[in-house]
Structure formats: structure tokens, C-alpha cells
Amino acid sequence: MNRHFDLKKELDYVIRKYGAHEGYNDPKIEWSDNTYWGALGKYEYWNNKIIISRILNSPEADPEFLRFIIFHEYTHQLYAEHDEKFKKEMRRFPNNEKMEELLSTYGANLTELPLAKPSLPPLDTKKPVLFCRLPFREEDEESYYSGNLMYINHNVAGKLHGKIPGKYCNKRVEQVIWVIERGEQLFIVGAAKNVQLFPDVQRVHDGKLFGKGGKMGDDLFMQFHCKQNEFVYLFPLSIMFILDKHEIPARFYKENVFSDEDLPEKTYLEIVQCYQEYDLEVIRKGMDDCEMDTLTPVFKTNDVDELYELACRESNPYRKIWILNKCLTKKQNYRLYKDLASVFDYLSIFDRAIENYEKALRYRNQASVRKRIEVIKSV
């Protein structure tokens, strides 16, 4: 597999040049099993692992660019988001601007790269598929999900681009492909199953949708909802081109949706093939239970107090969950369960919040905790 580059040696070089992250274990690194079509690398915080697309395992790949990608993913060990702290760290890399331009060049030619085996939920071609438009602004690459999607207690709710026909809202749509329009072309940005659509933005009490998981008095403004484990959306750079302007059904511009029946059979089958061959892990942001319960092998220390201090300083709530879970394997007390419950509460994962609040009460019968449980359960 390592015909051209030894990733371990390249990572060691990056760490020697830019320094090991104090208090963190060095990450593992490996080539991707398949040829990532939309990302050249990723960092799995819960595994402390860097995965590099094997597209770069080529004699045509620039070694310095490979190190830039490794440094980018290595920096994610410290910073989950591409915030100012992350960008400041990246500017330490020589010729950072040139490397960013080269990265953009790769992004502009994604459709020319070889495809690999599927990782998105398979489509049932014997059942109808509805292509549904998500909001998107050219000036904001992440606008199709930022500010438009809400994750609430293992459910997803959100807003669409505009009004859609009521006939699609009478019952749940079995298969939805989310699309955006950019530069008079259509791109796939995700998929979902068993989606409840609304003709326009609805004001709905969350308790009606999510039962005891809803906060009393909270109203949601949404046009769709479905289960979290039946909904996926992709990284902004990983959108998948499917239709040129002249191929887009006219109904799309009137109703913001179209079906597989609105496309020539050959075109639809090409889209299905493209979809099924797409290979890129979708954004989960630590929302899956299996990830939230996975211990993080990131930190060198196993001292509970030191880990707790790290959790208190952590700004990313999902990382905080993982660190607190690691604390709880070493020690159980009121403080740890209460803090873990508070993070779940903040993320509106109310069933997990109640579970940990109740565990906290076994150690200290705190009135404020009992009251918070009552508020959540009162719906």
C-alpha cells in the first residue's frame, strides 16, 4: 500500500518540526481503505487517528502538500473547528497560502478523481426518490446546514429552501436526497429516510414531535423532521455534482422538489450509480450514541482531576462528553454525572441528560437537579 510515501515517517517529521501537543498521545496514521472523493484527510478524535486519502499515495503528489494535509489533520487534535485558533496554528506551516491554493485546486477537480465503494445509505431503486432543495448561499459554503438544522433528542428537524406542494406532506417520504443549487448546477449534499415534510415553515411545539424529550414551552420552526440515524449530510467540500442547468427539471424551480420520475431513466440511473459509489464519512459531530460512549485515547494522563480540568476547558461539547466518559471509568461522583448531564441537556439530548442527572442524585440529593428533571419530564 505504501508504494510512494511512508505515512508514519511523514507524521514523525511533522511532529518533530512543529512540536508534539503537550498532554496528548501522538495520533496513529493510515491510508484510507478507499479513494476518498471529497476529502484528502480526516482526524478521528475518538480513535486519535489521522486517515489520509490514498489519492495522495502517488508519485504525482507533492510531498510538502502531503505534509500540509497531515499537519492540518494533526492540528484538529487541538481544535475541532476551523476557528481562529486553528487558522493561526496552520499559518505556522511554510507557504501556507500556496498550500491552501493547491488544496482549492484539488477541490475544484473532485469529479475527475476515481470513485470508490459506497458509504452512504443505499437507495432502494424500486421505491420513489424525492429530490428536495435545502437552503444555500454562494457566499457561505456551509449554509445548507448551518442555522437550518436542529438536533433534538435523537431527531433532526430543519428548514427548506421554500414552499413545497402539500401532496408530499400527507405522509412520510420514504427516500429523500437533499440537493443544493450552486452556479446553475445541482449537487447532492445528503440523504434521509422516512422524512415528514411540511408545505411551509411550521411552528410546532417540540413536545408534540419528540414526546417527553421536548422542553416545555419550546416551539420549533421547521419544514421537515426525521430520526437522526436516518439522516445524513456531507462536508461542504464533499458535495456531489449531479445535474447541469439544462438537465434540471423545471418543477424544481417552482416547487423546490422533483422526483426520480421527472428525470430520464438513463440520467436517474447515473445519479444512483454516482450516489452508491460515493465514499466519504458523513458529518456526525459525535451525535451517535456509540461515539458519545467511546473512550478517547487522546490524552496521556489517566488522572481523573487532570482529565476533568481538560473537560472544563474544552469548548466542543462532544469532546467534553468523551472526556467526562473517560473520567467516569476511573471514578463516579456527583460532579462528573452532573456535568455530563449538563452537556447532554445543552445539546437537547434530553433522555441522556435525565439518565445522568438521576445518577448524580444517587450521590447528592440536589434540589436544582431534581427541578431540572421535573422540567424536562413535565411535557
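This dialogue walks through a few features of a predicted model.

Reader: What does the secondary structure of the protein chain come to?

Author: The model is predicted. The protein chain has 13 helices and twelve strands.

Reader: How much of the protein chain is buried?

Author: Of its 379 residues, 53% are buried. The accessible surface is about 18,700 Å². Carbon and sulfur atoms hold 47% of that surface.

Reader: What share of the contacts joins residues 24 or more positions apart?

Author: Take the contacts with a separation of 6 or more. Residues 24 or more positions apart account for 68% of them.

Reader: How do I read an aromatic pair?

Author: A pair of aromatic rings is described by two things: the distance of the centres and the angle of the planes. This structure holds 17 such pairs. Take Tyr-45 and Trp-322. Their ring centres are 5.5 Å apart and their planes lie at 25 degrees, so the pair is stacked. The cut-off for stacked is under 30 degrees.

Reader: Where do Tyr-45 and Trp-322 sit in the chain?

Author: Tyr-45 is in the loop between strand E2 (41-44) and strand E3 (49-52). Trp-322 is in helix H10. They are 277 residues apart, so the pair links distant parts of the chain.

Reader: Are Tyr-45 and Trp-322 buried or exposed?

Author: Buried means under 20% relative accessible area. Tyr-45 has 3%, so Tyr-45 is buried. Trp-322 is also at 3% and counts as buried.

Now a pair within one helix. Phe-65 and Phe-68 are stacked, with 6.2 Å between centres and 25 degrees between planes. Because they are three residues apart in helix H2, about one helical turn separates them. Both are buried.

Reader: Which residues form one aromatic cluster with Phe-65 and Phe-68?

Author: Tyr-18, Phe-71 and Phe-93 join them in the cluster.

Reader: Which charged ends sit over rings?

Author: Two cases. The charged end of Arg-182 sits over the ring of Phe-187, 5.0 Å from the centre. The charged end of Arg-335 sits over the ring of Tyr-308, at 3.9 Å from the centre.

Reader: What surrounds Asn-325?

Author: Asn-325 is in helix H10 (residues 317-330). Its relative accessible area is 12%, so Asn-325 is buried. Beyond neighbours within four places in sequence, its contacts are Met-292, Asp-293, Leu-295 and Leu-340.

Reader: And where is His-76?

Author: His-76 lies in the loop between helix H2 (63-75) and helix H3 (84-90). It is buried, at 10% relative accessible area. Leaving aside neighbours within four places in sequence, His-76 contacts Tyr-43, His-82, Phe-86 and Arg-319. His-76 and Lys-42 are 34 residues apart in sequence, with 8.7 Å from C-alpha to C-alpha.

Note on methods
Residues numbered from 1 in each chain as written. Predicted model: local features only at pLDDT ≥ 70, side-chain atom pairs only at ≥ 80, totals over all residues. Heavy atoms only, no water. Helix = DSSP H or I, 4+ residues; strand = E, 2+ residues; numbered from the N terminus. Buried < 20%, exposed > 50% of the residue type's maximum accessible area, 1.4 Å probe, protein only. Contact = heavy atoms within 4.5 Å. Areas by Shrake-Rupley, 256 points an atom, 1.4 Å probe, with all protein chains shown as cover. Phe/Tyr/Trp six-rings, centres within 6.5 Å; stacked < 30°, edge-to-face > 60°. Lys NZ or Arg CZ within 6 Å of the ring centre and 35° of its normal.
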